[in-house]
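Thanks for coming, everyone. Have the structure up on your screens, and let's walk through it together.

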Amino acid sequence: MMNNFVKICIFLISFTLISQNKRPNVLLITTDQHTVSALSAMGNSDISTPNIDRIANRGTIFNKAYVTFPLCSPSRASMFTGKMPHELGIYSNLQAKIDKNDFKTGLGQIMSDNGYDCVYGGKWHVPEIDIPNNIGFKNIADSGDEGLAEKCIEYLNNAPKKPFFMVASFVNPHDICEYARNQRLPNGEIDEIPVHDCPNLPINHAIGAYESEIIRLEQKLESKVYPTANYSDDDWRKYISAYYRLIEKVDFEIGKILNALDKNGLDNNTIVIFTADHGDGMSAHHWNQKTVLFEESVHVPLIVRNPFNKKPQERSNELVSVGLDIMPTILSIANTENSSDLLGHSIMPLTIKEKSNHDFVVVETMFDGANSLQTKGRALITKKFKYVIYEQGKNREQLFDLEKDPFEITNLATNARHKKQLVSMRKKLYDWCIKTNDLTVMKRLLIY
């Protein structure tokens with residue numbers, strides 16, 4: 001008990017001192033379409049990410065971090081407003097621009113109003129590809145990985161005396177989408193390796209029994225988005241290998257920024273946060289891309305390196321909603337008052353082993369595209385269980401015991417023995433929909 005008390009005291013003193021004079025800088029590094037397991041820091045021996053591992057080696061790895069929507073624009077909109085996608089009215093990458101009023105109280109504007117020099121480099125996609133004006137950020141680099149690190153380095157070499165909030169938003173490994181379609185990779189090609197040197201298929205590569213019917217129908221209707229229906233096992237192994245090579249490529253670029261941070265003596269007063277907007281199917285359940293509510297698409301890396309905590313790598317198994325919690329986390333680092341209507345919470349106390357404020361997190365989705373049925377879905381995830389429901393098709397409910405079945409192989413929703421747990425998860429989602437005014441979807445989705 002005393003150890004925990006001491007930790008809390010040190011934590012509070014550190015932030016009190018830096019808030020009085022030299023508030024910490026914040027560097028938020030994001031990748032696109034990066035699933036949680038695709039890091040060597042997570043014990044994956046098929047990939048080498050030494051630079052992201054550098055962040056992890058002196059930071060806290062959050063093992064249970066989930067996005068609010070497994071798609072670029074809705075997820076990113078959440079991260080920079082602290083709101084659920086349905087509150088913003090954004091469900092796809094194809095919609096009109098988000099209401100600028102949502103950014104008047106967004107992360108960039110609040111940080112800027114409170115004395116931070118706020119700069120943004122790379123992919124925005126909310127839904128504009130490049131970041132617009134008048135939302136608190138200065139644009140230092142347009143979308144694209146080539147030259148992004150160099151623009152960030154240029155800024156760090158001439159960093160202002162006042163604290164800064166920098167976002168370095170990389171596109172890769174998103175180029176796996178073009179790879180699957182046999183298109184040119186927008187951010188540069190990668191070398192193919194022989195099949196026998198490619199990673200093995202995951203344990204959950206096969207399509208599971210009692211899978212929601214609508215998943216395969218949406219996959220078939222949007223074959224240009226999911227062009228893997230006729231993939232052989234070797235094709236899938238090449239896909240996984242290409243995905244890892246794209247991550248290694250972006251890891252190299254991230255290393256350049258970390259080196260500049262160190263070279264300029266900024267690492268001792270800069271909190272570094274690394275995360276992603278969503279994951280990738282990565283051949284699990286024969287799925288590529290995102291949008292679906294499988295773990296590979298909704299469960300992402302989240303690492304926080306706090307220079308004021310001198311301990312080596314730590315891990316937290318507390319639940320985090322990346323879309324809801326990133327904003328209050330950064331505002332708390334800046335000693336800036338959070339908006340009272342934010343659903344999320346700062347995760348900084350979790351770095352000293354405090355408990356999460358989330359009993360569960362919720363993920364939204366909607367399949368989209370010219371031929372899509374635009375099926376909506378929701379997932380509610382606790383530390384142990386995951387409940388998924390889609391609005392149409394057979395077996396539209398899924399229930400998984402993530403402790404015993406982290407690969408989502410056995411759908412417990414079809415077994416009467418788990419009815420009590422199923423009803424409990426339905427009730428939690430029902431109450432969440434009421435709380436967040438997700439009423440239209442609630443009426444269309446819920447079995448309660």
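Start at T365. Its bridge partner in β10 is G377. One caveat before we go on: this is a predicted model. Now find V362. Opposite V362, in β10, stands L380. Both pairs sit in the pairing of β9 with β10, residues 376–381. That pairing is antiparallel and has six bridges.

Now look across to β11. β10 and β11 also run antiparallel, joined by five bridges. I381 faces K386 in β11. The link from β10 to β11 is a hairpin, through three residues.

Put those strands together. The sheet is open and has four strands, in the order β9-β10-β11-β12, with antiparallel pairing. Which strands stand at the edges? β9, residues 361–366, and β12, residues 397–401. Each has a single partner strand, so one side of each has no neighbour in the sheet. From one strand to the next, the twist averages 15°. Helix α13, residues 419–435, packs on this sheet. The helix touches β9, β10, β11 and β12. Its direction makes about 65° with that of β11.

Back to β10 for a moment. Is β10 mostly covered or open? Mostly covered: six of its six residues are buried. On one side you have K376, R378 and L380. On the other, G377, A379 and I381. Both faces are covered. Note that K376 and R378 are on that buried list.

Next, the eight-stranded sheet. This one is open too, with mixed pairing. The order is β4-β3-β5-β1-β6-β7-β2-β8. The edges here are β4, residues 138–141, and β8, residues 314–321. Again, each has a single partner strand, so one side of each is left free of a neighbour in the sheet. Ignoring direction, neighbouring strands are turned by 20° against each other on average.

Zoom in on β1, residues 25–31, and β6, residues 270–276. They run parallel, with seven bridges between them. In β6, A276 stands opposite T31. As a reminder, strands of a sheet pair through backbone hydrogen bonds, either parallel or antiparallel.

Helix α2, residues 50–57, packs on this sheet. It touches β1, β2, β6 and β7. Its direction makes about 60° with that of β7. Which residues of α2 are buried? N51, I52, D53, I55 and A56. Their cover includes β1, β2, α10, β6 and β7.

On to the pockets. The largest pocket holds about 670 Å³ of space. Its lining has 28 residues. Nearest its centre are V36, S37, E296, P406 and F407. β2, α10 and α11 each supply at least two lining residues. β2 gives the largest share, three residues. By class, the lining has 14 nonpolar, eight polar and six charged residues.

The second largest pocket has about 390 Å³ of space. It is lined by 18 residues. Closest to its centre are L71, N93, V225, Q289 and D368. Here the split is six nonpolar, seven polar and five charged.

Last topic: backbone oddities. Most residues other than glycine have a negative phi, and most peptide bonds are trans. Four places here deserve a look.

First, V126 and P127. A cis peptide bond joins them, with omega about -5°. P127 lies in the loop between β3 and β4.

Next door in the sequence, check H125. Its phi is near 60°, a positive value in a residue other than glycine. H125 is also in the loop between β3 and β4. Buried or exposed? H125 is buried. The cut-off is under 20% relative accessible area, and H125 has 10%, so it counts as buried.

Then N172 and P173. That peptide bond is cis as well, with omega near 15°. P173 sits in the loop between β5, residues 164–169, and α8, residues 176–180.

Finally, E408. Its phi is positive, near 55°. E408 is found in the loop between β12 and α13. At 3% relative accessibility, E408 counts as buried too.

Definitions and conventions. Residues numbered from 1 in each chain as written. Predicted model: local features only at pLDDT ≥ 70, side-chain atom pairs only at ≥ 80, totals over all residues. Heavy atoms only, no water. Pairing = 2+ DSSP bridges. Axes fitted to C-alpha atoms, helices over the stretch in contact; angles between N-to-C directions. Contact = heavy atoms within 4.5 Å. 1 Å grid on protein atoms, 1.4 Å probe; cavity = no way out; pocket = protein on both sides within 12 Å on 5 of 7 lines; lining within 4 Å. Points joined across faces, edges and corners; volume = space filled by probe spheres on them. Nonpolar A, V, L, I, M, F, W, Y, C, P; charged D, E, K, R; others polar. Buried < 20%, exposed > 50% of the residue type's maximum accessible area, 1.4 Å probe, protein only.
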